[in-house]
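Thanks for making time this morning. I would like to take you through one model, beginning with a pairing between strands and then turning to the charged side chains.

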Amino acid sequence: MKNMFYWAGIISILICLPLRVSAQSYEQMWKQVEALEQKKLPESAIKEVQKIYEHAKQEKNMPQMMKAHLTKASLSIDITPDSLDRELSGLKTWVAEEKDPVYKAILNHLLGYYTFGTGKRDGAAIDAAIAYFRLSLQDKDLLSRKSAADYRPMTVSKELSGKYCGDNMYQLLARQAISRLSGYFIVNPVLAEKIQTEILSIYDGLIDFYQQQGMTDARLLLMLDKLNYQENDISRGGVNENLRLTDEQVITLLKQWAEEFSASPLCGEVYCQLAERYDRMQDYTAKLHAAQTGLEKYPQSPSVNDLKEQVAEVLTPRLVVEIPFAYPAREVDLKVKYRNLTGLTIELYRMNLPVTSNILKEEITASTVSRYGKLVGTRHYQLAATPDYMETDTLLRYKFPTEGIYILKSIPDGHRKYTAYGKAYASSLQAIFLGLPGGKQEINIIDRLTGHPVAGTEVAYYRVSQREGYRLVKAYPADSKGTVTLTPPDERNWLGINVRKPGADYMEISYAGFSVGGYNAPASRKWEKHVSLFTDRALYRPGQVVHVSGIAYEQSGDSIRIFSRVRKDVVLRDANRQEIGKLSLATDEFGAFYGDFVLPETLLPGEFELSVESGENRYIRVDEYKRPTFDVVFHPYQATYNVGDTVLVSGEAKTFAGVPVGLCRLNYKLTRSENEFWRFRTMKLFWQ
């Protein structure tokens, strides 16, 4: 949603982008500069800008002088980034010589802006930039009396600025300082918090100014803007945890403002923000109430469309149907996620189309089903109510009568206009892939339900193109054990693959990769360098030591040679992929190396990365956590199992001192992992 209080472009100082001005001579000169920039002739553009500067200097036209100076500086930096320091020095000289307090404020603002552009991210650079921004805002009374319109073409104002905020130079410079500071990302949490504190201070100064001026609407908009900044974490452009507001604090403030600013038509935005906060908390009943209240009280609010969207988001029905396993003549589970529905009807159509048909690649519509499908089954399901508007999961049983290609037509009760269609390929076959030396493949064709090999089948390869669709290249018959050993065809094109039986070709064609002479395995193997990394664990707390080790080797086929007495640089990067440590480690006679990183005491939690040249990356998690006091160990299984068997799992829970943990409740999760050449694509029906 676009919040009306988001003012990134309300008013801005134009540093690089030339605007049209009232004087015809300047307009023509700036057009010439713009034309040169479009032709990518920056040096010629600089010469034209210098002419504008000299012309403006003779006329004592300060806005044009300043715009020309800044445009020239920007073009120079584009050509030679190192020239930024020279331009900063020139700005400092100008500030020292400038007598007009408003222009002096603008120049100090630009010094703060460009100080962040030097790439320096230390405390000194941040302190300097903040000091310049403070200098630019110190003469609040004078700046507030100066209209931004008087400083064209350096400034441009948009609707909200003139309508609600007075369109003065103080709020322009304050808003631009907030924008620049908030866009300056830094990893160090202490320095980041210094910037965030300064942003909040500028917000407070501007809010106080609006209150003193009796500008109620402007104050409300800015308070909402500040709240939007302070309620988000750093990953969403917000603040550190100790400055961030909790859900409860945000809701309390919004409810207070709903009372305090009830006379303002902009108060509709307060209810819009309240609804959004409830949405984050997944309290959809409260979200609906907030949005409906806002619509009832403020039907003419600028936020009325956003409020209507909030209501629709809660009340609109939602349905997702998945078929993870489609097997002929056997009931399978339909995984259904839904809300705001009491029932649905599933109509099953068997399609009279081959698996290679391009029609199956297109969006399925009612016309497609009517032309190529035959209704073979209908079933209605009652769904439990969702009074809290929360999405609910359930399983519904359904049977595909025979092998074939089917379309499931999902018709929600009372919402027929939301009817959706989805494909299902009901086949009893499954393929398991094994790579062999020399670029060959072994493909075992089995029954998807029992796991038994299926004879009398074949593997089919297809050439795949956007224009021609699927064209059969070659079919490879399986042996009596359902096994095919082959070298994939060299078509130098995208290949598709499926398995089939005579008269029963119903498995969806899956991509098998791009075939290039020898497919995925080259005929002649070269020695390839590898470096494997290891850590002593996967989870660490700030301040702990990360023990890292590795082995450097090279491999050709099944042959391996280690690298001894060589140095490898291991780099540690934080959650924002900023380098925070580097070790140069030497391998021993076995190709192994070892080292330790000490994590900083103060850092942002998240996923950290360890990397090494010509090697793999290793990821660790850094977070505050409580050390576990017990462990659960499962006993190794001894027997073998087939599909349909009951598996007995046993284990024991003990403290790390070896004492059994009794009278406890065990929660477990069972995960199924498929080992197969390609994964059967789940069919999803989705609408909202």
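Leu348 stands opposite Gly377, the latter being in strand 6, and please keep in mind throughout that what you are looking at is a predicted model. The pairing belongs to a wider ladder, since strand 5, which covers residues 343-351, is joined to strand 6 by 9 bridges, with the two strands running antiparallel. Stepping back from that ladder, we find an open sheet of 4 strands in the order 6-5-8-9, with antiparallel pairing. Its edges are formed by strand 6, residues 373-382, and strand 9, residues 420-426, each of which pairs on one side only. From one strand to the next, the twist averages 25 degrees.

Let me now move to the charged side chains. Side chains of opposite charge can pair when their charged atoms come close, and a search of the whole structure finds 21 salt bridges; I will go through a few of them.

Take Glu331 and Arg397, which form a salt bridge whose closest N and O atoms are 3.6 Å apart. Because Glu331 lies in strand 4, residues 331-339, while Arg397 lies in strand 7, residues 392-399, the pair ties together parts that are 66 residues apart in sequence. Both partners count as partly exposed, Glu331 at 32% relative accessibility and Arg397 at 36%. This pair also belongs to a network of salt bridges that links Glu331, Asp333, Arg379 and Arg397.

The next example involves loops. Lys501 and Glu403 meet through their side chains in a salt bridge, at 3.6 Å from N to O. Lys501 sits in the loop between strand 15 (494-500) and strand 16 (510-514), and Glu403 in the loop between strand 7 and strand 8 (404-412), so this pair ties together parts that are 98 residues apart in sequence. As for their surroundings, Lys501 is partly exposed, with a relative accessibility of 26%, whereas Glu403 is buried, with a relative accessible area of 16%.

Finally, which residue forms a salt bridge with Asp279? The partner is Lys287, and the closest N and O atoms of this pair are 2.8 Å apart. Here the lysine is the buried member, for Lys287 has a relative accessible area of 1%, while Asp279 is partly exposed, at 29%.

I will stop there and take your comments.

Terms used: Residues are numbered from 1 along each chain as its sequence is written. This is a predicted model: local features need pLDDT of at least 70, side-chain atom pairs count only at pLDDT 80 or more; totals for chains, interfaces and linings use all residues. Side-chain values use heavy atoms; hydrogens and water are left out. A salt bridge is a side-chain nitrogen of Lys or Arg within 4 Å of a carboxyl oxygen of Asp or Glu. Buried means under 20% relative accessible area, exposed over 50%, partly exposed in between (1.4 Å probe, protein chains only). Two strands pair if DSSP finds at least two bridges between them. Axes are lines fitted to C-alpha atoms, for helices over the stretch in contact, and angles run from 0 to 180 degrees between N-to-C directions.
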